[in-house]
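Colleague: I've got a model open and I'd like to learn how to read its strands, helices and cysteines. Can you walk me through it?

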Amino acid sequence: MATGPLRFRTPHIEELPTTGSKQSPNYVYMAVSGQQEDPAKNWGTNNRKRARASVGKQTDQQREALSARQQREVERRIKDLNSDYKPALEVVVPKRDGGAGVGSAAKAGKTPNTKKILASGKTFTHHLEDEEAEIARTGRRDGDAEAPPATHRASKTPLARRKAREDSSLSGSPAPVTPMAPPPLPRSAQALLPSSNAMEIDVEDDDDEYDSIPALPSEAEMEALLNAPPLTYNQARSAPPPPGAPPPRRFCETCGYWGRVKCMKCGAMTCSVACKDDHDQFKCLKMYA
Amino acid sequence: MARQKSLPSAPEASGHLADKTLIIDNGAHTLKAGLATHLDDTPPNLDSCHIIPNVIARSQRDKRTYIGPEYSDCLDFGELAYRRPVEKGFIVHWEAEKAVWERSFLHKDDAVVKCDPEETSLILTEAPNAPVALQRNADEMVFEEFGFAGYYRTIAPTLNAYAPSPFPSTATSVSGVPLECLLIIDVGHSHTTVTPLHHGRPFQHAIKRLEIGGKTLTNQMKLLISRTFDVHREDHIVSEIKEDVCFVSQDFNADLERVWRGGRYDPRAVDASLLVDYVLPDYETIKRGYARPHDPAVKLRDIMLGIGTEGGRREHVLTIANERFVVPELLFSPADIGMRQAGLAGMVLQSIDALPAGFRQAYLANILVVGGTSKLPGFVQRLESELRSLVDVDEVVRVARAEEPAKNVWLGGAGMAKSADLMRSLIVTRQEYAEHGDGWARRVFAGKARR
């Protein structure tokens, strides 16, 4: 297309816009999958920590979660807090006169069972682990219920040759143990349980917005609940707080106020410049972290 | 599969109920023990319950070992080495526990509660969710080593149902009849448990445990005080400081602001009403530490030398500020030390949510707090306000602390021992134990076997 004045006469040429000759722009939209890295941030570092922080491959949750080492540190601190003070020298139980029995018979135990108990040096963790191991092995705790009937070995007969056996005990799992009689507390207590299923209340006309009181369980359900076997030690721990709870609060190491600034070297929190100076001088683990 | 039971001395021919009952509430910190009898009708007296430290302590300074009740005779509690027979609420080290029991009950001259096991029944408590091996050990020791005439082992919270109720509107229970609905929060030395009880029987699947107790608080207190003065080895002294000085704050954020000294560039005036000066005992002139309100005019160095103190004695003074309420705060938010468990209020709600929906209001309105650590000032108020904030507006929340939080379980046991019928239905006598064995006895205590 001629633009501007020409020095010599040319025929007037004008290009008419048609669909075919529309000039294509030098860009095009394309769908790209995945998060693109900002090339400005990725300067090709090999340090994993720096790459994690700058390129931004972590979600918020991952950033807040503690690393494995920190978690071990926290667990060790909690275990220390819950431990009795262990002195360097063990406190030996002295032999005393004036007690029930005199001499070695009394100290060691009167029967073989008690001798074993008195001589055992097991701690609570040993007993706990023993119990967990037994549950893992046999699936039940001693004294909980009668032993389940002997499980049958898996049949070695090929499937094609097995006869149909409807009445064999192979067809079902071992029969569940029926619960035994209720514990020996006064029977009169059980008579006080409400026998009716739902509470009968007089609902007045203008109380329509109240929901009905939820029904108390029936006597059979109550008995089942109260006769349930006790949980193991680890099952009875209370659960973590609901996920919507605020993050754990951290306090200043030096004075105990809120922790507002984190030490870059060891990760401890302090509240202000003065406390931070004290931390850097005396408490920072910069040599060992 | 009963083991052959060979008792050292033959049990008496008749299986009748012994006259006297020894009730031992076997805790990790102290034993609460006393005698009760079903022969007379007087209500159980708190004075007959003796608190015995459940510890064997060796003093490097005295070169003496103190067992059980002798612990209060110790003149110098500095740097004592302890051995506790009870771990995490369960009797694990029977050698030490036998020494404590013998010293407390069987000593010829100086027993705290004199009793003859052959003629006494025993009610022993344990913490909930015990490993079975420990239960078996306890049963065997009681019958075979000590030779009690009768025995009943139960978890500690169930006995609370037989103690008089602290709620003003609930009628006092007749001895032997348990209260109907109770949610027991036992804030003990090793841990805190929540147990809902129905007519004295626990809902086993709803028993929850928080691993924070008086011991955790004392250790945390040691850590915090050691920022200024190293007290890591002074268990007894720090425990006394905790009992004298700590309280539960009703508004934690506000209290923390009040005692902050401020930053370098914005110093603040500290609210001195919350500060406390604690005078440490030196077991020469000062036998027992005590607290006094903070006096900023006093110069610590002068006091150390004895200048300006009463009688010219040397005082070692610690100033305790936010540790007073930060340490008990652990019970309500264990996440402060990184523990991934819900606080006390959250745990109570977890336990109530595990119950049938119809009982929710009944248990929310009957929460009983027992246990030594619950004596912290402001504990009940703070627990109640936290629960109320987590629960619907139209649900009633009532929290009460027993009159004597440490002795309440014993009181319940004594109330139970007063009723001869109840005892007859519960106690396993020596003769029965010898006949049927320990497995049967364990099932009877768990309620799984018929008697």
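Modeller: Sure, and keep in mind that this is a predicted model. Start with a strand pair: strand 1 (residues 20-26) and strand 9 (residues 120-126) of chain B run parallel, joined over 5 bridges. To find the register, take B:L22, whose bridge partner in strand 9 of chain B is B:L122.

Colleague: In what order do the 6 strands of that open sheet in chain B come?

Modeller: Read across, the order is 3-2-1-9-10-20, with mixed pairing. Strand 3 (50-53) and strand 20 (428-429) of chain B each have a single partner strand, so one side of each lacks a neighbour in the sheet.

Colleague: And what lies across strand 10 and strand 20 of chain B?

Modeller: That's helix 16 (residues 438-446) of chain B, which runs at about 50 degrees to strand 10 (150-155) of chain B.

Colleague: How many residues of helix 1 of chain B are buried?

Modeller: For burial, look at relative accessible area: under 20% counts as buried. In helix 1 (residues 94-106) of chain B, 12 of the 13 residues pass, so by that cut-off the helix is mostly covered. Among them are B:W94, B:W101 and B:F105, along with charged-letter entries such as B:E97 and B:K98.

Colleague: How many disulfides are there over all chains?

Modeller: The count is 0. A pair needs its sulfur atoms within 2.5 Å. The sulfur of A:C255 is 3.5 Å from that of A:C271, its closest cysteine sulfur, so the two are too far apart for a bond. B:C115 is in no disulfide either, with the nearest cysteine sulfur, in B:C49, 14 Å away.

Colleague: Are those two, A:C255 and B:C115, buried or partly exposed?

Modeller: A:C255 is partly exposed at 25% relative accessibility, whereas B:C115 is buried at 12%.

Technical notes. Residues are numbered from 1 along each chain as its sequence is written. Chains are lettered from A and ligands numbered from 1 in the order in which they are written. This is a predicted model: local features need pLDDT of at least 70, side-chain atom pairs count only at pLDDT 80 or more; totals for chains, interfaces and linings use all residues. Side-chain values use heavy atoms; hydrogens and water are left out. Buried means under 20% relative accessible area, exposed over 50%, partly exposed in between (1.4 Å probe, protein chains only). Helices (H or I, at least four residues) and strands (E, at least two) are DSSP runs, numbered from the N terminus. Two strands pair if DSSP finds at least two bridges between them. Contact means heavy atoms within 4.5 Å. Axes are lines fitted to C-alpha atoms, for helices over the stretch in contact, and angles run from 0 to 180 degrees between N-to-C directions.
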